[in-house]
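Biologist: Could you take me on a close look at the metal site of this model, and then at what lies around it? I am in my first year, so please explain the terms as you go.

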Amino acid sequence: MNRTLFDNALAAAAKIAAATPNQRSFVPWPEAMPFTARSPVAIPAIGEMQRHSGLANALTQPLQSALLALAPFVEWRQTYSEAEVGRDFLNRFGWFELAGPRDGYFQTDITRMTVGFWGPNLHYPWHSHEPEELYFVVSGTGIFEVAGQEPRTLQAGDTIFHAANQPHALTTDASGILTFVLWRGDGLADPPKMAG
Ligand SMILES: [Fe+2]
């Protein structure tokens, strides 16, 4: 466990938030966040992420680099079962909680900050959750679908908002996608649920 790598990732995320109006207005950046060490959990997607995290831009490149350096040391999670999403998905997907009310590295009650990676040509099926959500694309591209809206292809620096319990889905193409995700509202510590 290398504490500096966690501090670097949080600092890089904070710089982006300060420069991104959609993030600034979604939730204030928490002041002091106590750190808790957690045991790493390795997943196959770490290698995929090193190879296929996709294009960053000038704003997001420091966070992409910090997350790639941090990836071998984090407690990765996958939430879904093979029956729900398939083995290929589980081999090339993962997320971890950088900050949050209960299971993150940095403790805060006002938001949950997670990092998610999907490799190329994956479909993250329709799902929903009670907290409101703001996705920020760190690198790569993805087609984001939200119930009742036209699909949008997002790239580094783009954001998309999901309302409480609003179903959404994500599909990657030739590029994987690395995302930084903020939640706010009730149910912050709960996992998302697949539709149906
Ligand atoms: Fe979501």
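Modeller: Gladly; here is the metal site, followed by a strand and a cavity. This is a predicted model, in which local features need pLDDT of at least 70 and side-chain atom pairs count only at pLDDT 80 or more, while totals for chains, interfaces and linings use all residues. Residues are numbered from 1 along each chain as its sequence is written, and side-chain values use heavy atoms, with hydrogens and water left out.

Let us start with the iron ion. Its donors are H129 (NE2), E133 (OE), E133 (OE) and H168 (NE2), at 2.1 to 2.5 Å. A donor is an N, O or S atom within 2.8 Å of the metal (3.2 Å for Na, K and Ca), and since water is not among the atoms, a site may look incomplete. The angles among the four donor atoms run from 54 to 140°, and the site is irregular. That word covers anything that is not tetrahedral (four donors, all angles between 85 and 135 degrees), square planar (four) or octahedral (six), the last two with opposite donors over 155 degrees apart and all others between 65 and 115.

Along the chain, the donors follow the spacing H-x3-E-x34-H. Distant parts are linked here: H129 is in the loop between β4 (123-128) and β5 (132-140), and H168 is in strand β9 (residues 168-171), 39 residues apart. Strands (E, at least two residues) are DSSP runs, numbered from the N terminus. H129 counts as buried because its relative accessibility is 3%, and H168 is buried too, at 2%. Buried means under 20% relative accessible area (1.4 Å probe, protein chains only).

Now for strand β10 (residues 177-184). Seven of its eight residues are buried, so the rest of the structure largely encloses β10. β3 (residues 112-118) runs antiparallel to β10, joined by seven bridges, and T114 faces V181 in β10. β5 also pairs with β10 in the antiparallel sense, over eight bridges, with S139 opposite L178. Two strands pair if DSSP finds at least two bridges between them.

Finally, the largest cavity is lined by 18 residues, with W95, T114, Y124, Y135 and P192 nearest its centre. β1 (93-100), β3, β4, β5 and β10 each give two or more residues to this lining, and β3 gives the most, with five. A cavity is a set of points on a 1 Å grid over the protein atoms alone where a 1.4 Å probe fits but cannot get out, and lining residues have an atom within 4 Å of a point.

Conventions. Helix = DSSP H or I, 4+ residues; strand = E, 2+ residues; numbered from the N terminus. Buried < 20%, exposed > 50% of the residue type's maximum accessible area, 1.4 Å probe, protein only. 1 Å grid on protein atoms, 1.4 Å probe; cavity = no way out; pocket = protein on both sides within 12 Å on 5 of 7 lines; lining within 4 Å.
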